[in-house]
Amino acid sequence: MKYKVGTRESKLAILQTEMVCKRLVEANPHLSLDQFEFIKIKTTGDRILNKNLSDIGGKNLFIKEIEEALIEKQIDFAVHSLKDMTANLDNRLCIAACLKREDPRDAFVSLKYKNINELPEGGLIGTSSIRRKSVVLSERPDLMVVSFRGNVLTRLDKLKQNQVDATFLAVSGLKRLGIDKALYYPLPFDEFLPAISQGVIGVECLAENEVMKILLSSINHEETHICNQAERGFLESLDADCNSPVAAYAKIINDEVHLDCLVINQDNKIFKETVTGPKIGAWDLGYSVGLRLKIFL
C-alpha cells in the first residue's frame, strides 16, 4: 500500500516529513520507506513573501492548501510544524501524532552581535513575528524592526546580505537543518518564552479515518502530546491570531504539567502566569490561564 504524505516544499518541511516516515517504519516493521510518496504543496504563505502574515490571513496560510488536500482525500496524512497551526482546527481533521519535541527555544541570530544588548542604538531587527517584535521592543524600544519573511535558509541568506543586523529563528529548525551553532545563540525561557508548539512536529489526518489514526498513534510521543495540549488550550482560549503577541511553554515535572504563559498588550507591557496541574487535564489547564490573561490583550 502507498501512502500520500502532504508537506510544504521547504528543505526543513521535507526533512521533517522524512523524520515522520522513518519513525513510522521503525514503529511498524511491515512498512518500508518506498511506501510513502511525498506530495509537495506550495501554500499561500510560501507564495506571498512581500506582505506581513497579519495583513493577508495569518498562520492559516501555511496550512490551508494542505488541509484542503486532506479533506478532499488527495493525501492520506500531512506533516506540519505545529507552531504554524491555528488555534481552532477544522472539526473534520485531527492531530493524530506528535514527534518528541526538539529544543523549543528561540535563537538570536547575527553575524556581528551575540545578544540583543550588543545591538547599537537604532539597530535593525528582521522578524515578522508579532511576539518576537513585542518582546524585543519591551526590552529595547530604540531598535528598529522590519518585516522578514521566508523559510529558514532564505532568512539566513538575507542576514548574510546585511539586510538586517539580527533576526530570531527557532532553535529546532536550525538544529534539524544542521546550521553551524556558531551562527546563533539560544535564548533562555525567562527572557524569551517561545511560540505555542514551537519545536513540535505534528501529523494531521482525517478525524474519521480510524485506520490512519491508529497507524499514526504508533509514533506519538505522549509527553510532547500532553504539553502541546496545554499550550494549545491556552491559545484557543485567547482566540489568538498572528496579531496577538502570546507565548507558552509546558513541561512535565514530577508527573505534573508546568505551564508558563504570557501575553503582551499594545504598549508592549508583558503579563505572565505560571500554573501547575495534572496531566489528564492539560488542555483545561491551558484554557483556564488563557481566560485569565485574555483581559490584558
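**Cysteines, a mixed sheet and its helices**

Me: How many disulfides does a search of the whole structure find?
Reply: Keep in mind that this is a predicted model. A disulfide is a covalent bond between the sulfur atoms of two cysteines. Search the whole structure for such pairs and the count is zero.

Me: Why does cysteine 98 form no bond with the closest cysteine sulfur, and how far away is that sulfur?
Reply: Cysteine 98 is buried, with 1% relative accessibility. Its closest cysteine sulfur belongs to cysteine 227. The two sulfurs can't bond because they are too far apart, at 10 Å.

Me: And cysteine 261: which cysteine has the nearest sulfur to it?
Reply: Cysteine 261 isn't in a disulfide either. At 2% relative accessibility, cysteine 261 counts as buried. The nearest cysteine sulfur is 12 Å away, and it sits in cysteine 227.

Me: On to the sheet with five strands: in what order do they come?
Reply: The sheet is open, and its pairing is mixed. Its edge strands, each pairing on one side only, are strand 7 (144-146) and strand 9 (184-186). Neighbouring strands are turned by 30 degrees against each other on average, if you ignore direction. Reading across the sheet, the order is 7-6-8-5-9.

Me: How many bridges join strand 5 to strand 8?
Reply: These two strands run antiparallel. One pair to look for is phenylalanine 108, which stands opposite phenylalanine 168 in strand 8. The number of bridges joining strand 5 to strand 8 is four.

Me: In which sense do strand 6 and strand 8 pair, parallel or antiparallel?
Reply: Strands of a sheet pair through backbone hydrogen bonds, and either sense can occur. Here, glycine 126 has threonine 167 of strand 8 as its bridge partner. With two bridges between them, strand 6 and strand 8 pair in a sense that is parallel.

Me: What is the bridge partner of valine 109 in strand 9?
Reply: Strand 5 and strand 9 pair in the antiparallel sense, over three bridges. Look along strand 9 for the residue bridged to valine 109, and you reach tyrosine 184.

Me: How many of the five residues of strand 8 are buried?
Reply: In a regular strand the side chains alternate between the two faces of the sheet. On one side of strand 8 you have Ala166, Phe168 and Ala170, on the other Thr167 and Leu169, and both faces are covered. Strand 8 is largely enclosed by the rest of the structure, because the number of its residues that are buried is five of the five.

Me: What angle does the direction of helix 6 make with that of strand 8?
Reply: Helix 5 lies across strand 5, strand 6 (124-126), strand 7 and strand 8, and runs at about 130 degrees to strand 8. Helix 6 packs on the sheet too, touching strand 5 and strand 8. The angle between the directions of helix 6 and strand 8 is about 160 degrees.

Me: Why do the buried residues of helix 6 lie on the same side, and what arc do they cover?
Reply: The buried residues of helix 6 (residues 152-160) are Val152, Arg155, Leu156 and Leu159. An α-helix has 3.6 residues a turn, so residues three or four places apart point the same way. These buried residues are on the same side of helix 6 because the arc they cover around the axis is only 100 degrees.

Me: Which residue caps the N-terminal end of helix 6?
Reply: Follow the backbone nitrogen of leucine 153 to a side-chain oxygen 3.1 Å away. The residue that owns this oxygen, and caps the helix, is asparagine 151.

Me: What about arginine 101: is it buried or exposed?
Reply: You'll find arginine 101 in the loop between strand 4 and strand 5. A polar atom of its side chain lies 2.8 Å from the backbone oxygen of glutamine 198. Buried means under 20% relative accessible area. Arginine 101 has 18% relative accessibility, so it counts as buried.

Me: And glutamate 121, buried or exposed?
Reply: Glutamate 121 is in the loop between strand 5 and strand 6. Leaving out residues up to four places away in sequence, it touches Arg140 and Asp142. Its relative accessibility is 73%, so glutamate 121 counts as exposed.

Terms used. Residues are numbered from 1 along each chain as its sequence is written. This is a predicted model: local features need pLDDT of at least 70, side-chain atom pairs count only at pLDDT 80 or more; totals for chains, interfaces and linings use all residues. Side-chain values use heavy atoms; hydrogens and water are left out. Buried means under 20% relative accessible area, exposed over 50%, partly exposed in between (1.4 Å probe, protein chains only). The arc is that of the directions from the helix axis to the C-beta atoms. A polar contact is a pair of N or O atoms within 3.5 Å; within protein, one must be able to donate a hydrogen and the other to accept it, and residues adjacent in sequence count only if both atoms are side-chain atoms. Two strands pair if DSSP finds at least two bridges between them. Axes are lines fitted to C-alpha atoms, for helices over the stretch in contact, and angles run from 0 to 180 degrees between N-to-C directions. Contact means heavy atoms within 4.5 Å. A disulfide is a pair of cysteine sulfur atoms within 2.5 Å.
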